[in-house]
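Trainee: I'd like to learn how to read aromatic pairs, cavities and odd backbone angles in a model. Can we go through them one at a time?

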Amino acid sequence: MEFESSSWIKDGVYFYPHLFGGIMITCALLSFSTSYFGMISVPTMPHLFPDLRGFHKKKSAKKRVRVYMDGCFDLMHYGHANALRQAKALGDELVVGVVSDEEIISNKGPPVLSMQERLALVSGLKWVDEVIPNAPYEITEEFMNRLFKEHKIDYIIHGDDPCLLPDGTDAYALAKKVGRYKQIKRTEGVSSTDIVGRILSCIKDAKSEEVCLESSGEFDNSNNTQHNTSFTNGGHISHFLPTSRRIVQFSNGKGPGPNSRVVYIDGVFDLFHAGHVEILKRARQLGDFLLVGIYADQTVSELRGNHFPLMNLHERSLSVLACRYVDEVIIGAPWEVTKDMITTFNISLVVHGTIAEKNPLLNGESDPYVVPKSMGIFQMLESPEDITTTSIAERIIANHEIYLKRNAKKEASEKKYYAEKKYVAVD
């Protein structure tokens, strides 16, 4: 017999207190006499009164809200990460659609990153639960029904900036029509268009200063006497407005335990890419807590020239913090790993990848890892991906005419967005 509630017991106690009181006293006496004399076999209270937990209707597990957000996620940056963080906050599980190369080409122009690279970046974000590759750019009725039925999606999410198809119509019109659409706030000061613009601006400025690409693919750093940290490259200003709340939103908010094995890896992490994700994943597997040091802008400029980094320190820090394998970052980490630093952060292991832009271990420069090596806590990690910030920039350089035209169109639409921008409370 299944009981849906225990309300009848409460009602009985309330309306027939003498009856229930007598029953309770009788049961108590019988139970006492049975245990004391050991002669009478009488059912004890648990047998007389079924487990009260059985009277409560078993509550079915609350349905988890699944939300969907799609995008090209080309040149992944902290703006993408923040959008997905906001989307996850609107539900319990976040499913992300990564638009196919073909759809990007037909709607926006050629992507810089391949599908596999974009999938690695999206999958590496701490807020993403599931990824759908080769998603369509437009939310068609067929695809929308597939999302609702096959993927059990409750809401489709997009930013407050318009997403228009080539014919000028809203890509999310159907989702809005059926009442399954929710909006988030676009992150200020960054976009893939903006990053491409920084790289193209860097080429232009480098040519004007007669600074050219070396055979190694890196910019000459002979002219690096001064670096203005308000610029992310030669004259292209970053409009990012960093706040302490944003850093908290991206942070795990937890430190290592007293016996945790802390692994430390440092670097520039400019134009956060699939190679970064994979090396951070490998580093995290070597311990319980991954601490990432991110070099200051001035350090990067001294290493690579005054046109670098392309992304400033706060932008790079948020990109790294968004990675699911990272527990904490040092914003503006020192070039050399000192004994004091190892003690302060209780570092058990220092690692470095084999693929890097200016690897001091390979180029004969001053070795920043002398101390951890002397302590026997240094390890080289084989980089699983042969990708660098420079190699990605070279893709844009090689097709700069195409990206110039694409950016001219995109920059016009972005200026219009900022001119008509309204306050969005959700963030």
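**Reading rings, cavities and backbone**

Mentor: Sure. This is a predicted model, and it holds five aromatic pairs.

Trainee: How do I describe such a pair?

Mentor: A pair of aromatic rings is described by the distance of the centres and the angle of the planes. Take Y68 and F143: the ring centres are 6.0 Å apart and the planes stand at 65°, which is over 60, so this pair is edge-to-face.

Trainee: Which parts of the chain does the pair of Y68 and F143 tie together?

Mentor: Y68 belongs to strand 1 (residues 66–71) and F143 to helix 7 (residues 141–149), so the contact ties together parts 75 residues apart in sequence.

Trainee: And are Y68 and F143 buried or exposed?

Mentor: Both Y68 and F143 are buried.

Trainee: Let's do another one. What kind of aromatic pair do W127 and F250 form?

Mentor: Edge-to-face, with 5.2 Å centre to centre and 75° between the planes. W127 sits in the loop between helix 6 (115–123) and strand 3 (130–135), while F250 is in helix 10 (residues 244–250), so this pair ties together parts that are 123 residues apart in sequence.

Trainee: Why do W127 and F250 count as buried?

Mentor: The cut-off is under 20% relative accessible area. W127 comes in at 10%, so W127 is buried. F250 has a relative accessible area of 0%, so F250 is buried too.

Trainee: What about charges sitting over rings?

Mentor: Here you look for the charged end of a side chain and its distance from the ring centre. The charged end of R180 sits over the ring of F148, 3.8 Å from the centre of that ring. Likewise, K182 has its charged end over the ring of Y155, at 4.2 Å from the ring centre.

Trainee: On to cavities. How many cavities of 30 Å³ or more does the search find?

Mentor: Four, from a search of the whole structure. Let's pick the second largest, with a volume of about 90 Å³. It is lined by 14 residues, and the closest to its centre are M76, H77, L271, F272 and M311.

Trainee: How does the lining of the second largest cavity divide into nonpolar, polar and charged residues?

Mentor: Nine are nonpolar, three polar and two charged. The largest share of that lining, three residues, comes from helix 13 (residues 313–321). Look at the domains as well: domain 1 (64–209 + 402–426) and domain 2 (251–381) each supply at least three residues of the lining.

Trainee: Now the backbone. Where is the cis peptide bond?

Mentor: Check omega: from F308 to P309 the peptide bond is cis, with omega near 5°. P309 is placed in the loop between helix 12 (297–304) and helix 13.

Trainee: Which residues have a positive phi although they are not glycine?

Mentor: F73 is one of them, with a phi of about 55°. You'll find F73 in the loop between strand 1 and helix 4 (78–89), and at 5% relative accessibility F73 counts as buried. N134, which lies in strand 3, also has a positive phi, near 55°.

Trainee: One last thing: how do I read a contact between residues far along the chain?

Mentor: Put the sequence gap beside the spatial distance. I139 and D70 are 69 residues apart along the chain, and their C-alpha atoms are separated by 9.4 Å. I139 lies in the loop between strand 3 and helix 7, and I139 is buried, with a relative accessible area of 2%.

Terms used. Residues numbered from 1 in each chain as written. Predicted model: local features only at pLDDT ≥ 70, side-chain atom pairs only at ≥ 80, totals over all residues. Heavy atoms only, no water. 1 Å grid on protein atoms, 1.4 Å probe; cavity = no way out; pocket = protein on both sides within 12 Å on 5 of 7 lines; lining within 4 Å. Points joined across faces, edges and corners; volume = space filled by probe spheres on them. Helix = DSSP H or I, 4+ residues; strand = E, 2+ residues; numbered from the N terminus. Nonpolar A, V, L, I, M, F, W, Y, C, P; charged D, E, K, R; others polar. Domains from an automatic or database assignment. Phe/Tyr/Trp six-rings, centres within 6.5 Å; stacked < 30°, edge-to-face > 60°. Buried < 20%, exposed > 50% of the residue type's maximum accessible area, 1.4 Å probe, protein only. Lys NZ or Arg CZ within 6 Å of the ring centre and 35° of its normal.
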